[in-house]
Amino acid sequence: MTRLTFDRVDYRSTPTASPILGEVSFSLAAGEVAGLFGRNGAGKSTLTRLAAGLVLPTAGRVEVAGICTSTRDPDIQRRVGILFQDADRQIVGVTVEEDLAFGPENLGMEPAVMRTRVRSTAERLGLAPWLRRPVAELSGGMRQKLALGGVLIMEPDFLLLDEPTSQLDPWARREFWEILLDLRRERGLGILVVSPRPAETDRLERALVLEAGRLVFDGPIADLWAAPDRVAAWGVRVPEGIRWRQAAGFSVPAGSGGNGGGAGR
Ligand SMILES: Nc1ncnc2c1ncn2[C@@H]1O[C@H](COP(=O)(O)OP(=O)(O)OP(=O)(O)O)[C@@H](O)[C@H]1O
Ligand SMILES: [Mg+2]
């Protein structure tokens, strides 16, 4: 089973600075869908950058499929895709087609294979009619999908999403999640999403919470909601639906991967 593993990871910006992340350990399996919660400045984006090998730990190890990120093995970049909040930062091509081809081209992928992948990725994201169009003509939602396409075309094992849907309208957000959960089903993609919106949390199975650089919770998301006072102290908002269930005396359903789940008994 392919895993993304943090083993007692410390991260400091300079050797004498206080740690931004301290002693963080967890392991995410391919096919898992987890949310990463915590206040502003808790270290969430730093954790995703470490997971993608964009920065290296000051102490401890980050491993992707058994490969330590400090080896700087280029395979890590292919296996772990990262999508930032601001999609435009990630768009590099003039046309949709060029943009999608950028990563595969850098990998030295064969042109015929690349063309097939560009087409299938564009189709999956509903971008096929725009392949030859300038990126500048796309709406914000479509640019976000294009940024996702640029990551998915590499066929990663893990996808890290740093507040990916904050710029999307509710309809586009739902569509975005449908694509992610389909990929999880089809290819066993592991997903870590930073600061999911309350309405998105019923798509998660697992929650991780960072508080001032420490991992203070790692478990089934239903267990997170089971301690609302503690959750509030970590600056995490309990979704309305969960609060309602708790107030009404229903048990909280476990993450159900998208269909919202049924009321527990
Ligand atoms: N390059 C850096 N040099 C020094 N400090 C940094 C650097 N990058 C981040 N920090 C600090 O590290 C801490 C964690 O930052 P990070 O961006 O990971 O938090 P976050 O949980 O993603 O916050 P937000 O919810 O605001 O996105 C913050 O205190 C931030 O100021
Ligand atoms: Mg952040």
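**Exercise 1. Identify the buried residues of helix H4 and determine how they are arranged about its axis.**

Solution. The buried residues of H4 are Arg 117, Val 118, Thr 121 and Ala 122. They fall within an arc of 125° when viewed down the helix axis, so they line one face of H4. An α-helix has 3.6 residues a turn, so residues three or four places apart point the same way. The face turned away from the buried side carries the exposed residues Ala 112, Val 113, Thr 116 and Glu 123. On the buried side, the packing partners are helix H3 (96-106) and H5.

The structure is a predicted model, and the remaining exercises use the same model.

**Exercise 2. Check the length of H4 against the expected span, and state which residue follows the helix.**

Solution. Step one: H4 covers residues 111-124, which is 14 residues. Step two: the expected span is 1.5 Å times one less than the number of residues, and for H4 this should come to 20 Å. Step three: the end C-alpha atoms of H4 are 20 Å apart, in agreement with the expected value. After the helix comes Gly 126, with a positive phi near 70°.

**Exercise 3. Locate Glu 155, classify its exposure, and give its C-alpha distance to Arg 117.**

Solution. Glu 155 sits in the loop that connects helix H5 (140-152) to strand E7 (158-162). A residue is buried with 20 or more other C-beta atoms within 10 Å, and exposed with 12 or fewer. Glu 155 has 15 C-beta neighbours inside 10 Å, and therefore counts as partly exposed. Its C-alpha atom is separated by 9.6 Å from that of Arg 117, although the two are 38 residues apart along the chain. Arg 117 is itself one of the buried residues of H4.

**Exercise 4. List the residues around ligand 1, sort them by character, and follow Lys 44 into the rest of the chain.**

Solution. Ligand 1 is surrounded by Ser 13, Ile 20, Gly 38, Asn 40, Gly 41, Ala 42, Gly 43, Lys 44, Ser 45 and Thr 46. By character, the shell divides into two nonpolar, seven polar and one charged.

Lys 44 belongs to helix H1 (residues 44-51). It counts as buried because 22 C-beta neighbours lie inside 10 Å. Apart from neighbours within four places in sequence, Lys 44 is in contact with Leu 36, Gly 38, Val 194, Ser 195 and Leu 210. Between Lys 44 and Val 209 the C-alpha distance is 8.8 Å, with 165 residues separating them in sequence.

One contact of Lys 44 is Ser 195, which lies in the loop between strand E8 (190-194) and strand E9 (206-211). Ser 195 has 23 C-beta neighbours inside 10 Å and so counts as buried. Beyond four places in sequence, the contacts of Ser 195 are Phe 37, Lys 44 and Glu 163. The C-alpha atoms of Ser 195 and Gln 246 are separated by 22 Å, at 51 residues apart along the chain.

**Exercise 5. Describe the chain as a whole and decide how its compactness relates to the globule rule.**

Solution. The secondary structure comprises nine helices and 10 strands. The radius of gyration is 19 Å, close to the 18 Å that the globule rule gives for 265 residues, so the chain is as compact as a globular protein of that length. The C-alpha trace spans about 55 × 45 × 35 Å along its principal axes. Buried residues make up 37% of the 265 residues. Of the contacts with a separation of 6 or more, 66% join residues 24 or more positions apart.

How values were computed. Residues are numbered from 1 along each chain as its sequence is written. Chains are lettered from A and ligands numbered from 1 in the order in which they are written. This is a predicted model: local features need pLDDT of at least 70, side-chain atom pairs count only at pLDDT 80 or more; totals for chains, interfaces and linings use all residues. A residue is near a molecule or strand if its C-beta atom, placed from the backbone, lies within 6 Å of it. Ala, Val, Leu, Ile, Met, Phe, Trp, Tyr, Cys and Pro count as nonpolar, Asp, Glu, Lys and Arg as charged, and the others, Gly among them, as polar. Helices (H or I, at least four residues) and strands (E, at least two) are DSSP runs, numbered from the N terminus. The arc is that of the directions from the helix axis to the C-beta atoms. Two residues are in contact if their C-beta atoms, placed from the backbone, lie within 7 Å. The radius of gyration is taken over C-alpha atoms; the globule rule is 2.2 Å times the number of residues to the power 0.38.
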